[in-house]
Amino acid sequence: MTVIEPSEGKAGTVPAPIAVALDAPDLETAARWATLVTPHVSTVKVGLELYLRYGPEVVASVRGASGVKIFLDLKLHDIPATVAGATRAVARTAPAYLTVHAAGGAQMVEAAVEAADETGPETKITAVTVLTSLSEPDLAAIGLAGPASEAARRLAGLSVEAGARAIVCSAHEVAAIRSEVGPEITLITPGVRPSGSDSQDQARVATPEEALKAGADLLVIGRPITRAADPGAAAAAIAAALRRS
Ligand code: C5P
């Protein structure tokens, strides 16, 4: 299920279902990238590094006056009461998506969902299933048996059961996870590379068109846009290619 945002972007077209990962060293760079890409994309993603350095100020800076959706990728993982408190603390910045680790268990995901609902219904608690940096031997070493895709499917099901409304997963797992969680859940996929661009450290990549075709709703794309000579033009080109496909 592809969610197309109802609002029109400044470019006069519907913003593409892309979350640009603002993995910038400082707030000024992040805000500049956000200004360049927000006419073309629905969402920008703020990660741990920027948030720990600048706090809620970074969210206000990248949101600016554009009203772009914020994906706050903090991957919370602690006991339920602590995750609930942390969710309340950041929910005031009104992110559209806030990530938690599904491996924290159903009660932890549920505590985050309840805390987010108290502060405002706009924040979707988004469960991260299995980190793509972990190989199968790594997973076995931490006691997660079986193939990574099986663990991801199981963790997605558990998280949705606990109230999560979005899941982060690889484009290669989207179809299996969609059949596990149904059509209403937002599936978000990193590891997306336009054809012909450098895969950098991403091992199992999909093109934006392939990821949407597999059933993803929101594509996380960082360096192919932010490291381009003109990030605005790179975002516009990917958005236009998606509209054509
Ligand atoms: O630059 P690139 O497109 O590889 O950026 C991908 C973004 O998605 C980064 O912020 C990275 O932390 C994040 N991410 C990922 N793989 C996951 C989960 C998140 O690459 N499984």
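Trainee: By class, what residues does the shell around the ligand have?

Mentor: The shell has 5 nonpolar, 3 polar and 4 charged residues. Ala, Val, Leu, Ile, Met, Phe, Trp, Tyr, Cys and Pro count as nonpolar; Asp, Glu, Lys and Arg are charged; the others, Gly among them, are polar. This is a predicted model: local features need pLDDT of at least 70, side-chain atom pairs pLDDT 80 or more, while totals for chains, interfaces and linings use all residues. Numbering starts from 1 along each chain as its sequence is written, and side-chain values use heavy atoms, without hydrogens or water.

Trainee: Which residues surround the ligand?

Mentor: A residue is near a molecule if one of its heavy atoms lies within 4 Å of it. Here, the surrounding residues include Ala-21, Lys-45, Thr-132, Gln-202 and Val-220.

Trainee: Where are the polar contacts to ligand oxygen?

Mentor: A polar contact to a ligand is a pair of N or O atoms within 3.5 Å. A side-chain N or O atom of Asp-23 is 2.7 Å from a ligand oxygen. A polar side-chain atom of Arg-193 also lies 2.7 Å from a ligand oxygen. Arg-223 uses a backbone N or O atom, again at 2.7 Å. The protein covers 82% of the 470 Å² of accessible area (Shrake-Rupley, 1.4 Å probe) that the ligand has on its own.

Trainee: Where does the ligand sit?

Mentor: A molecule sits in a pocket if more than half of its atoms lie within 2 Å of the pocket's grid points. A pocket is an open set of points on a 1 Å grid over the protein atoms alone, where a 1.4 Å probe fits, with protein on both sides within 12 Å along at least five of seven lines; lining residues have an atom within 4 Å of a point. This ligand sits in the largest pocket. That pocket is lined by 41 residues, with Lys-75, Thr-132, Pro-190, Gly-191 and Gln-202 nearest its centre.

Conventions
A polar contact is a pair of N or O atoms within 3.5 Å; within protein, one must be able to donate a hydrogen and the other to accept it, and residues adjacent in sequence count only if both atoms are side-chain atoms.
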